[in-house]
Amino acid sequence: MKKRSISIKGHQTSISLEDPFWDELGQIAAARQISIASLIAEIDQSRKGGLSSAIRLFVLATLKGDMKA
């Protein structure tokens, strides 16, 4: 599990995710030609639960083809 600090809407927050989720998140961001921080900000806007859980669900949905990379 890796913890990273990121700024969302000017507020610093820490996110803990397993390495495979960080890897996939990076690949999704690269495919969209945006930063990981920008992608996390997008996920943050539509989440209903915790941010780490929302990121995991987003990655899963993207891998399943439910969302565009």
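**Entry 1: strands.** I count two strands as paired if DSSP finds at least two bridges between them. With that in hand, I opened this predicted model and went to the hairpin of β1 and β2. How many bridges join β1 to β2? I found seven, and the two strands run antiparallel. Strand β1 covers residues 2–8, while β2 covers residues 11–17. I then looked up the partner of Ile 8, and the bridge leads to His 11 in β2. Two residues lie between the strands of this hairpin. Lys 9 caught my eye there, since I read a positive phi near 50 degrees for Lys 9.

**Entry 2: confidence.** Before going on, I checked how far to trust the model. The protein chain has a mean pLDDT of 92, and 97% of its residues reach 70 or more. Where is confidence lowest, and where is it highest? Strand β1 has the lowest mean, at 89, and helix α1, residues 19–32, has the highest, at 96. I keep a general caution in the margin: where pLDDT is low, predicted coordinates should not be read in detail.

**Entry 3: the core.** Next I looked for nonpolar residues packed together. In general, nonpolar side chains of soluble globular proteins tend to be buried together. The largest nonpolar core here has 16 residues. The members that touch the most others are Ile 15, Leu 25, Leu 39, Ile 40, Ile 43, Ile 55 and Phe 58. I traced this core to β1, β2, α1, α2 and α3, each of which supplies at least two residues. Helix α3 has the largest share, with five.

**Entry 4: Leu 63.** I stayed on α3 to look at Leu 63, which sits in that helix. Is Leu 63 buried or exposed? Leu 63 counts as exposed, because its relative accessibility is 55% and the cut-off for exposed is over 50%. I also checked Leu 63 against Glu 24: they are 39 residues apart along the chain, yet their C-alpha atoms are separated by 8.7 Å.

**Entry 5: the pocket.** Last, I turned to the largest pocket, with a volume of about 180 Å³. Which elements give two or more residues to its lining? They are α2 (36–46) and α3 (51–64), and α3 gives the most, with four residues. I listed some of the lining residues, including Glu 42, Arg 47, Lys 48, Gly 49, Gly 50 and Met 67. By class, I find five nonpolar, four polar and three charged residues in the lining. Ile 43 and Phe 58 also line this pocket, and both appear among the core members with the most contacts to other members.

Key. Residues are numbered from 1 along each chain as its sequence is written. This is a predicted model: local features need pLDDT of at least 70, side-chain atom pairs count only at pLDDT 80 or more; totals for chains, interfaces and linings use all residues. Side-chain values use heavy atoms; hydrogens and water are left out. On a 1 Å grid over the protein atoms alone, a cavity is a set of points where a 1.4 Å probe fits but cannot get out, and a pocket is an open set with protein on both sides within 12 Å along at least five of seven lines; lining residues have an atom within 4 Å of a point. Grid points are joined across faces, edges and corners, and a volume is the space filled by probe spheres set on the points. Ala, Val, Leu, Ile, Met, Phe, Trp, Tyr, Cys and Pro count as nonpolar, Asp, Glu, Lys and Arg as charged, and the others, Gly among them, as polar. pLDDT is the predictor's confidence in each residue, from 0 to 100. A nonpolar core is a set of buried Ala, Val, Leu, Ile, Met, Phe, Trp, Tyr and Cys residues joined through side-chain atoms within 4.5 Å. Buried means under 20% relative accessible area, exposed over 50%, partly exposed in between (1.4 Å probe, protein chains only).
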